[in-house]
Amino acid sequence: LRLRSPRLRCLGLVASFFAPVFALILNLGSRYLLSHWRLFVAGWLPPGAWTVAIDCVGQQQRVWRFPQTFLTGVATLPPDSSGVGLLKLDIAAVYLVSTFAVTGTGAIILAAAQEFAAQRQRQRGGEASEAGRAGAAEGEQEPETLWHLGLFILHGAAPALAERAAAVVPPSSSAWRLAPGQADGAAGGGTGAREEALRANQR
């Protein structure tokens, strides 16, 4: 990887390394970004800001330093021993982007788990009502597993791929499939599911 300007190499490498990760997060989690935005921000901003602050302290204490050859030179805060600001754009970007790659994935799992649990609760309520009307006894239900949750997340982003994965490793039930309204919302950007989850999140 060769860039004409050496000062762009740090940002260029960060963009090259994390672009596929961000594409995956946006593909799997786009339907949760609006409805669970507080979860994403709360999980990313505090640890991201903390790592950037600790980096500035490490530079100020001369524990580590970064050569200016491959940095853009955009910096602020009081200068370090070399006369450059402690808060360097390139290094802060590394910490903030890498932190979001981890916390964004966790936020997707938590948001999907909330929606999956809500869907199962609605499904069980409907099944219990139907069983009551039919006069049948409610039988034991198979517990959901992490495989159900994984298929639920995948089904919201790529339904065909989720169906193929379920065919290879069949789950114990079809509870992982999105409800008809949610599936339509996911295909159209997840509007219906987002609005419902947004109202619940605001409460």
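1. **Disulfides.** The structure holds zero disulfides. The model is a predicted one. A disulfide is a covalent bond between the sulfur atoms of two cysteines. Two cysteines can still be checked for burial. Cys-10 has a relative accessibility of 16%, so Cys-10 counts as buried. Cys-56 has a relative accessibility of 9%, so Cys-56 counts as buried too. The cut-off behind both calls is under 20% relative accessible area.

2. **Overall layout.** How many helices and strands does the chain have? There are seven helices and two strands. Read along the sequence, they follow the pattern α-α-β-β-α-α-α-α-α. Find the two β letters in that pattern, then trace the chain on either side of them.

3. **Burial and surface.** The chain has 203 residues, and buried residues make up 30% of them. The accessible surface of the chain is about 12,100 Å². Carbon and sulfur atoms account for 65% of that surface.

4. **Contacts across the sequence.** Take the contacts between residues at least 6 apart in sequence. Of these, 65% join residues at least 24 apart. The points below give particular pairs to look for.

5. **Salt bridge in the interior.** A search of the whole structure finds three salt bridges. One of them joins Arg-31 and Glu-115, with the closest N and O atoms 3.2 Å apart. This pair links distant parts of the chain. Arg-31 sits in helix H1 and Glu-115 in helix H3, 84 residues apart. Are these two residues buried or exposed? Both Arg-31 and Glu-115 are buried.

6. **Salt bridge at the end of H3.** Glu-144 forms a salt bridge with Arg-120, and the closest N and O atoms are 2.7 Å apart. Glu-144 lies in the loop between H3 and helix H4 (146–157), while Arg-120 lies in helix H3, so the pair ties together parts that are 24 residues apart in sequence. The burial of the partners can be read off as well. Glu-144 is partly exposed, because its relative accessible area is 26%. Arg-120 is at 8% relative accessibility and so counts as buried.

7. **Salt bridge between H5 and a loop.** The side chains of Glu-163 and Arg-177 meet in a salt bridge of 2.9 Å, N to O. Glu-163 belongs to helix H5 (residues 159–168). Arg-177 belongs to the loop between H5 and helix H6 (180–187), and the two residues are 14 apart in sequence. Glu-163 is at 31% relative accessibility, so Glu-163 counts as partly exposed. Arg-177 has a relative accessible area of 32%, so Arg-177 is partly exposed.

8. **His-155 and its contacts.** His-155 lies in helix H4. At 9% relative accessibility, His-155 counts as buried. Which residues does His-155 touch, not counting those up to four places away in sequence? They are Ala-162, Glu-163, Trp-176, Arg-177 and Leu-178. Glu-163 and Arg-177 in that set are also salt-bridge partners.

9. **Ala-112 in helix H3.** Helix H3 covers residues 89–134, and Ala-112 lies in it. Ala-112 has a relative accessible area of 0%, so Ala-112 is buried. Leave aside its neighbours within four places in sequence. Ala-112 is then in contact with Tyr-32, Leu-149, Phe-152 and Ile-153. Now compare sequence with space. Ala-112 and His-36 are 76 residues apart in sequence, but their C-alpha atoms are 9.7 Å apart.

10. **Ser-35 in a loop.** Where is Ser-35? Ser-35 is in the loop between helix H1 (9–33) and H2. A loop position can still be buried: Ser-35 has a relative accessible area of 0%. Its side chain reaches the backbone oxygen of Tyr-32 at 3.5 Å. A polar contact of 2.7 Å also joins the side chains of Ser-35 and His-36. Tyr-32 appears again among the contacts of Ala-112.

11. **A nonpolar patch.** Trp-50, Ile-54, Val-63 and Trp-64 make a nonpolar surface patch of about 440 Å². Trp-64 is found in the loop between helix H2 (37–60) and strand S1 (75–79). With a relative accessibility of 34%, Trp-64 counts as partly exposed. Patch residues need over 30% relative accessible area, so Trp-64 at 34% passes that cut-off.

Notes. Residues numbered from 1 in each chain as written. Predicted model: local features only at pLDDT ≥ 70, side-chain atom pairs only at ≥ 80, totals over all residues. Heavy atoms only, no water. Helix = DSSP H or I, 4+ residues; strand = E, 2+ residues; numbered from the N terminus. Buried < 20%, exposed > 50% of the residue type's maximum accessible area, 1.4 Å probe, protein only. Contact = heavy atoms within 4.5 Å. Disulfide = S-S within 2.5 Å. Patch = residues over 30% accessible without salt bridge, like charges linked within 9 Å, V, L, I, M, F, W, Y side chains within 5 Å. Areas by Shrake-Rupley, 256 points an atom, 1.4 Å probe, with all protein chains shown as cover. Salt bridge = Lys/Arg side-chain N within 4 Å of Asp/Glu carboxyl O. Polar contact = N/O pair within 3.5 Å; in protein donor to acceptor, adjacent residues only side chain to side chain.
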